[in-house]
Amino acid sequence: MNVIPFPGQSPAGPSTILPLQVRELCFQVGGTLLLDHLNLELRHGPRTLLIGPNGSGKSLTLRLLHGLIRPSSGTIRWDGLPPDRHLRTRQAMVFQRPVLLRRTVRANIDYVLRIHGMGRAQRRERIDEVLAQAGLEALGNRSARVLSGGEQQRLAIARAWALRPEVLFLDEPTSNLDPGAALAVEGMIDTIHQRGTKILMTTHDMGQARRLGDEILFLHRGRLLDQADADTFFGAPESQEARAFLQGGLVV
Ligand SMILES: Nc1ncnc2c1ncn2[C@@H]1O[C@H](COP(=O)(O)OP(=O)(O)OP(=O)(O)O)[C@@H](O)[C@H]1O
């Protein structure tokens, strides 16, 4: 893989928060085990796609890893350390439906940079850079709320990326978009990956999983049944459930 770090940043350098190690992770509500003893390790490099039927636990997994919810049991370790404030700017998440402020496009990004203590000149430069990368440079002074769905999602990704996280979690970022808008988002994700950010993303679109995935995780009923490089997974998935899923015949 061709990783080009940001100037002054070495994502795979000594201060990395990866690998992310998950051991025996469970999430239980009432008597129901929604995530069942998940074990996985995420390393720099491959774009990792998390797939599985509706309700298999993909969003829950991302929310747990991002730190939005706490596991019932099991451990999450970032380069050996438990989740803590040190992760605040180093891993980010983008949701299926972007949550944008009622402000301009530029102000949405500026807000995030400001609360993380970045100075005015550097903020301006960073906003210009990420808007250009998102193809939104002409829309900087427009209200974020009037953007199209695709533009809003690109803004949400640009805003998350403005802090240059080492890891970016993306929860079905293109599920509400038409094919053209989805491709534009895919291009952006690809660039972010090329710039050195680890991608962990969920999708229902198997074409997208093939285009973007280097590594596939397959979840079924809260259990991680397959973890393989994309060619192996799509060529010959290990679990019977994944085979049925790919053939469109999986009954959840
Ligand atoms: N906070 C919660 N309390 C109770 N149940 C929950 C909670 N969050 C998720 N669930 C349930 O856990 C299961 C997994 O949900 P999750 O959203 O992770 O699935 P998913 O694989 O992302 O599905 P989809 O592909 O439809 O988005 C679902 O049955 C959901 O209803």
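**Ligand shell and helix packing in a predicted model**

Q: In this predicted model, which residue has a polar backbone atom 3.1 Å from an oxygen atom of the ligand?
A: The contact pairs an oxygen atom of the ligand with a polar atom of the protein backbone, at a separation of 3.1 Å. The residue that supplies this backbone atom, and that also belongs to the shell surrounding the ligand, is Ser56.

Q: How far is an oxygen atom of the ligand from an N or O atom in the side chain of His204?
A: Ser59 reaches an oxygen atom of the ligand through a backbone N or O atom, at 2.9 Å. For His204, in contrast, the atom concerned is an N or O of the side chain, and its distance from an oxygen atom of the ligand is 2.6 Å. Taken on its own, the ligand has 640 Å² of accessible area, of which the protein covers 59%. The distance asked for, that to the side chain of His204, is 2.6 Å.

Q: Which helix gives the most residues to the shell around the ligand?
A: The residues surrounding the ligand include Lys58, Ser59 and Leu60, and by class the shell holds four nonpolar, six polar and two charged residues. The helix that gives the most to this shell, with three residues, spans residues 58–66 and is α1.

Q: What is the orientation of α2 to α3?
A: Helix α2 (residues 105–115) packs against helix α3 (residues 120–134) with the axes 10 Å apart and at an angle of about 130 degrees. Because of that angle, the orientation of α2 to α3 is oblique.

Conventions:
Residues numbered from 1 in each chain as written. Predicted model: local features only at pLDDT ≥ 70, side-chain atom pairs only at ≥ 80, totals over all residues. Heavy atoms only, no water. Near = heavy atom within 4 Å. Polar contact = N/O pair within 3.5 Å; in protein donor to acceptor, adjacent residues only side chain to side chain. Areas by Shrake-Rupley, 256 points an atom, 1.4 Å probe, with all protein chains shown as cover. Helix = DSSP H or I, 4+ residues; strand = E, 2+ residues; numbered from the N terminus. Nonpolar A, V, L, I, M, F, W, Y, C, P; charged D, E, K, R; others polar. Axes fitted to C-alpha atoms, helices over the stretch in contact; angles between N-to-C directions. Parallel < 35°, antiparallel > 145°, perpendicular 65-115°, else oblique.
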